[in-house]
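Work through the following exercises with the sequence and the model open beside you. Each task is followed by a solution that goes step by step.

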Amino acid sequence: MEESKLKVVPLGSFQRTRYCGQVNAEDIGKSIRLCGWVDSVRDLGALLFVRLRDREGVIQVVFKSDTDEDLRRRAEGLRSEFVIGISGVVAARTAENVNSQMATGEIEVLAEELLLLNTAETPPFEIGDDTTASEDLRLKYRYLDLRRPVVLKNFRLRHQLSLEVRDYMDQQGFFEIETPFLTKSTPEGARDFLVPSRVHEGCFYALPQSPQIFKQILMISGFDRYFQIVRCFRDEDLRADRQPEFTQIDIEISFPHYDVLFGIIEGMMKRLFRLSGIEVPTPFLRLPYDEVMERFGSDKPDMRFALELCELGAAFQQTSFEAFRRVLDHNGRIKGLRIPGGAQYSRNQIDHWTELVRQNGASGLAWIRSTEGGLRSSLDKVLRPGEAEAVFQAAGGTKDDLLLMVADAKAQKVFDCLNALRLAVGRKEKHAESGRYAFLWVVDFPMFEYHEEDRRFYACHHPFTSPKDEDVAYLTTDPGRVKAKAYDLVLNGTELGGGSIRIHDMQIQKEVFRSLGLTDQETAEKFGFFLEALRYGTPPHGGIALGLDRLVMLLSGEKSIRDVIAFPKTARGTCLMSDSPSAVRDEQLKELHIRLDH
RNA sequence: GGGGUCGUAGUUCAGUUGGUUAGAACGCCGGCCUGUCACGCCGGAGGUCGCGAGUUCGAGUCUCGUCGGCCCCGCCA
């Protein structure tokens, strides 16, 4: 029976006429040809069903003994993930055989010809939306993982978003310009990935952390409006929303105005979200940095819920409670988080929250709870009569509320703790449900941040960020109080992007470098070409960069950007599929003038 | 660099106080089956318990080290 053996054949002139997922009831009676992967085989004997899968969907193909016994027998040789071509006729299923779970469930294809184009090993995990395989296994066999429709759909969305960005930016008058990947290492900022030069012994290129300087130079060139969907590289430790290489929608405009720039971004978000059927109201809320820190304890607050921090320093001003007394004496802060109706939370729950704030560096978590018999507090033994009532009132506490309090000499620690609590409570009370999108512009960031260890200031954004006009005078006298024309776009507690109006005045740029403690010689070495460019008629300019991976992640409801990057790295920066990074041959190192230290 | 958590069949997991031959489900292989769609029924194969030491008469189980996945802190202009 040579005929009935299933053997791999060349594709030859066979061409599909359709994608599996695009066949529908209108095609009933038509002859079609399909190509795809065997999703599953259900062999009932004289009747055999194959689920055939391609990029666009799945369809059922039927092989019957009483139609073509030889063909049906050959189909018995089919296994999962074999690659096949099918010719057949589209047929309606009888009413009782309709599968309402399937997009193509009303129809099936009666096979007339079967081409085995390739066989496949049994995959290490089942390829389906409900696979139970662990993430490391999926990453090792990423090509199989990407066959799963739920995974694929993220990349379809990502493609559509990129396309929409390009179309929108074109309409807004932007040019997409490519900038170098082999570029110059610059001080400050993240750690650079370095690329050794073969031609120039001992010299290195750096992969760009962002195209920052190049896009500013394009403004000096008069390009007026630039954008790029561009890969960026930062050699820092990874997180669920951080990869060593990631993609930004990078934007720069000349003669910028907040309203113009923000309007461009808001318009873009409107269009991108519309692709997913989501209407985004604009303009987005704008709040200054100082205010969001005081109200939410974070510079990227999740605005889907209204819980806010309250100020308790004044209410504890006269306290005799030693720990709080000390904090106030050292110019520290005492702030609280009032949870309406939170009195019902158990001691056990509060213990969990105490652990949470300890992890964030606080020495403890104090609380006041409203009960039937009056207020109860963790500080009952140490507060003066009436003090708890006064504090609770200062927090706006009413019946059945719970007030959580953190005190520390360092304001940042208080903010960190209460932000962590706020997010934990928000999650617990399901305020942050999916399907809701709350945008926020955080503006007026501080210009500099003091680094205790290095005993110097660092730029909060980057050293080309313009100070606010009214703060220029403090650049050299009191850098800590200078606010910058810098802003972040925050969505649901994730920093989606950030940018600034840049410095176009050489004099101010020099003062900023001086505030950062950089000598003229250092700045000349590192930024010389850029500083020179600034002299040749630099227009006022500014821009922003948005994280495309994070945007796709939020829109697809994924918890990690790994799910929206085709070939992502693990938490330790390796690729489980290609096994990179890896050692290289000695000759390669020699050519690069590199000797290893082992 | 630090903290947490996980690692047992191809996969996901169970495995009691340290004790006989390490189990289940799914998958895989073979057989039967004309309407399946998580097909069903019968049978079968499949294990370096991540790796290495140690304790013990005896280790999947206890100890130490190490490697790897994930989450968090630091870091990320």
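**Exercise 1. Decide whether Tyr143 is buried or exposed, or in between, and find the surface patch to which Tyr143 belongs.**

Tyr143 has a relative accessible area of 44% and is therefore partly exposed, where buried means under 20% relative accessible area, exposed over 50%, and partly exposed in between (1.4 Å probe, protein chains only). The residue sits in helix α3, residues 142-145; helices (H or I, at least four residues) and strands (E, at least two) are DSSP runs, numbered from the N terminus. Together with Phe567 and Met577, Tyr143 makes a nonpolar surface patch of about 300 Å². Patches are made of residues with over 30% relative accessible area and no salt bridge, with like charges joined within 9 Å and nonpolar side chains (Val, Leu, Ile, Met, Phe, Trp, Tyr) within 5 Å, and the areas come from the Shrake-Rupley method with a 1.4 Å probe, only the protein chains shown counting as cover for residues.

The model is predicted, so local features need pLDDT of at least 70 and side-chain atom pairs count only at pLDDT 80 or more, whereas totals for chains, interfaces and linings use all residues. Residues are numbered from 1 along each chain as its sequence is written, chains are lettered from A and ligands numbered from 1 in the order in which they are written, and side-chain values use heavy atoms, with hydrogens and water left out.

**Exercise 2. Describe chain A as a whole: how many helices and strands are there, and what percentage of the residues is buried?**

The secondary structure of chain A consists of 15 helices and 22 strands. Of its 598 residues, 49% count as buried. Along the principal axes, the C-alpha atoms fill a box of roughly 95 × 75 × 55 Å. The chain exposes about 30400 Å², of which carbon and sulfur atoms supply 49%.

**Exercise 3. Trace the open sheet of eight strands and say which strands form its edges.**

The order of the sheet is β6-β9-β10-β22-β21-β20-β17-β11, and the pairing is mixed; two strands pair if DSSP finds at least two bridges between them. The edges are β6 (175-176) and β11 (285-288), each of which pairs on one side only.

Next, take β17 (residues 439-443) with its two partners. Strands β11 and β17 are parallel and share four bridges, with Leu287 opposite Val442. On the other pairing, β17 runs antiparallel to β20 (residues 486-491) over five bridges, and Val443 has Tyr487 as its bridge partner there.

Finally, look at the cover of β17, where five of its five residues are buried. Phe439, Trp441 and Val443 point one way from the strand, while Leu440 and Val442 point the other way.

**Exercise 4. Identify which residues touch the most other members of the largest nonpolar core, and which helix gives the most to this core.**

A nonpolar core is a set of buried Ala, Val, Leu, Ile, Met, Phe, Trp, Tyr and Cys residues joined through side-chain atoms within 4.5 Å. The largest has 41 residues, of which Ile251, Met268, Met269, Phe273, Phe439, Trp441 and Leu489 touch the most other members. Helix α6 (residues 258-275) gives the most to this core, with eight residues. Apart from it lies another core, of 34 residues, including Val512 and Phe527.

For a single member, consider Met268: not counting residues up to four places away in sequence, Met268 is in contact with Val165, Tyr168, Met169, Ile249, Ile251 and Leu546, where contact means heavy atoms within 4.5 Å.

**Exercise 5. Compare the salt bridges of Arg271 and Glu291: which partner does each have, and where do the pairs lie?**

A salt bridge is a side-chain nitrogen of Lys or Arg within 4 Å of a carboxyl oxygen of Asp or Glu, and the count by this rule comes to 48. Arg271 pairs with Glu164, the closest N and O atoms being 2.9 Å apart. This pair links distant parts of the chain, since Arg271 lies in helix α6 and Glu164 in helix α4 (residues 149-171), 107 residues apart. Arg271 is buried, at a relative accessible area of 18%, and Glu164 is also buried, at 18%.

Glu291 pairs with Arg295, with closest N and O atoms 2.6 Å apart. Both residues lie in helix α7, four residues apart, about one turn of the helix. Glu291 is partly exposed at 29%, and Arg295 counts as partly exposed at 26%.
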